[in-house]
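Hi everyone, thanks for coming. I'd like to walk you through one structure today, so let's bring it up on the screen.

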Amino acid sequence: MRVVGVGCGPGMLTPEAARVIRGASLIYGSARAIELARDAIPPECEVHEITDYRGLRSLPAHAVVLSTGDPMLAGLGYLPGEVVPGISSLQVAFARLKVPLARAAVVSAHGKDHARAVADAREEVMRGKVVFLIADPAFDVGALAAALPPETRLAVCEDLGYPAERVAVGTGAEPPAPRGDLFVVVAGEF
């Protein structure tokens with residue numbers, strides 16, 4: 001099996017990822033991942049939208065599994081087989097904000113305990129790290145802001161790589177609010 005990162009937005013498919021996808025006969029992915037890779041998928045390829053993530057470990061050895069962003073950030077990199085990296089939302093958000101990746105601490109709140117993620121993010125910010133928080137649509141940016149010193153910078157990065165991309169910067173005292181469901185949060189001194 002090959003797990004291929006398709007990037008976090010349109011036009012972010014790497015040449016290596018496109019090569020692997022062009023050579024595939026069987027592909028699995030979320031609707032969004034399939035759409036991001038659409039131009040590289042050969043017409044004769046059998047494509048399946050993933051409906052049950054628990055069954056992915058039992059796919060045939062020749063299957064290619066598409067993962068949005070980079071499979072090793074918060075994606076499907078846990079699956080057996082080769083991993084082909086992709087351009088992650090972490091890379092894009094930090095590039096837009098001009099924050100060196102070496103300062104990053106990654107916290108995931110996507111489908112996880114949001115209160116724990118807020119506590120983890122606060123701890124990392126207090127240690128001097130710049131937190132990259134992977135949010136889900138229900139994540140409350142205000143709750144994170146309230147847990148941080150009021151002067152802490154916060155950015156909501158939405159729809160990274162898409163035409164409607166938006167990066168809004170504020171502080172713990174005046175946090176930016178997401179407008180949609182596809183966003184990440186960056187917090188710290190940047």
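**A walk from helix 4 to the pockets**

Let me start with helix 4, residues 89-97, where the buried residues are S89, L90, V92, A93, F94 and L97. Before I go on, please keep in mind that this is a predicted model. As for that pattern of positions, an α-helix has 3.6 residues a turn, so residues three or four places apart point the same way. What covers the buried residues of helix 4? The cover includes helix 3, strand 6, strand 7, strand 8, strand 9 (166-171) and strand 10.

Now look just past the end of the helix. K98 comes right after helix 4 and takes a positive phi of about 60°, although K98 is not a glycine. K98 sits in the loop between helix 4 and strand 6, and its relative accessible area of 74% makes it exposed. There is another residue of this kind: D159 has a positive phi of about 50° and is not a glycine either. You'll find D159 in the loop between strand 8 and strand 9. D159 is partly exposed, at a relative accessible area of 23%.

Back to the inside, and to strand 10, which holds V184. V184 is buried, with a relative accessible area of 7%. Which residues does V184 touch, once those up to four places away in sequence are set aside? They are S89, A93, F132, L133, I134, A155, V156, C157 and L160. Pick out F132 there: its C-alpha atom is 7.2 Å from that of V184, with the two positions 52 residues apart along the chain.

That leads us to the nonpolar cores. The largest has 19 residues, and L133, F139, L144 and V185 have the most contacts inside it. Helix 5 (114-126), strand 7, helix 6, strand 8 and strand 10 each give two or more residues to this core. The largest share, four residues, comes from helix 5. If you'd like one residue to click on, try F139: beyond its neighbours within four places in sequence, F139 is in contact with A109, H114, V118, L133, L144, F183 and V185. A second, separate core has 18 residues, among them V6, I41, C45 and V64.

Next, a loop residue, T152, between helix 6 (141-147) and strand 8 (153-158). Is T152 buried or exposed? T152 is buried, because its relative accessible area is 2%, and the cut-off for buried is under 20%. The T152 side chain reaches the backbone oxygen of P149 at 2.9 Å. Outside the four places on either side in sequence, T152 is in contact with V125, G170, T171, G172, A187, G188 and E189.

Finally, the pockets, which I suspect some of you have been waiting for. The largest pocket holds about 850 Å³ of space. It is lined by 33 residues, and R32, T68, A74, H110 and I134 are the closest to its centre. Helix 2 (31-37), strand 4 (64-67), helix 3 (71-74), strand 6 (104-108), strand 7 (130-134) and strand 10 (183-188) each supply at least two lining residues. By type, the lining divides into 18 nonpolar, nine polar and six charged residues.

The second largest pocket has a volume of about 160 Å³. Its lining includes R32, E35, R38, D39 and Y162. Here the split is six nonpolar, one polar and four charged.

That's my tour, thanks for listening!

Technical notes
Residues are numbered from 1 along each chain as its sequence is written. This is a predicted model: local features need pLDDT of at least 70, side-chain atom pairs count only at pLDDT 80 or more; totals for chains, interfaces and linings use all residues. Side-chain values use heavy atoms; hydrogens and water are left out. Buried means under 20% relative accessible area, exposed over 50%, partly exposed in between (1.4 Å probe, protein chains only). A polar contact is a pair of N or O atoms within 3.5 Å; within protein, one must be able to donate a hydrogen and the other to accept it, and residues adjacent in sequence count only if both atoms are side-chain atoms. Contact means heavy atoms within 4.5 Å. On a 1 Å grid over the protein atoms alone, a cavity is a set of points where a 1.4 Å probe fits but cannot get out, and a pocket is an open set with protein on both sides within 12 Å along at least five of seven lines; lining residues have an atom within 4 Å of a point. Grid points are joined across faces, edges and corners, and a volume is the space filled by probe spheres set on the points. Ala, Val, Leu, Ile, Met, Phe, Trp, Tyr, Cys and Pro count as nonpolar, Asp, Glu, Lys and Arg as charged, and the others, Gly among them, as polar. A nonpolar core is a set of buried Ala, Val, Leu, Ile, Met, Phe, Trp, Tyr and Cys residues joined through side-chain atoms within 4.5 Å.
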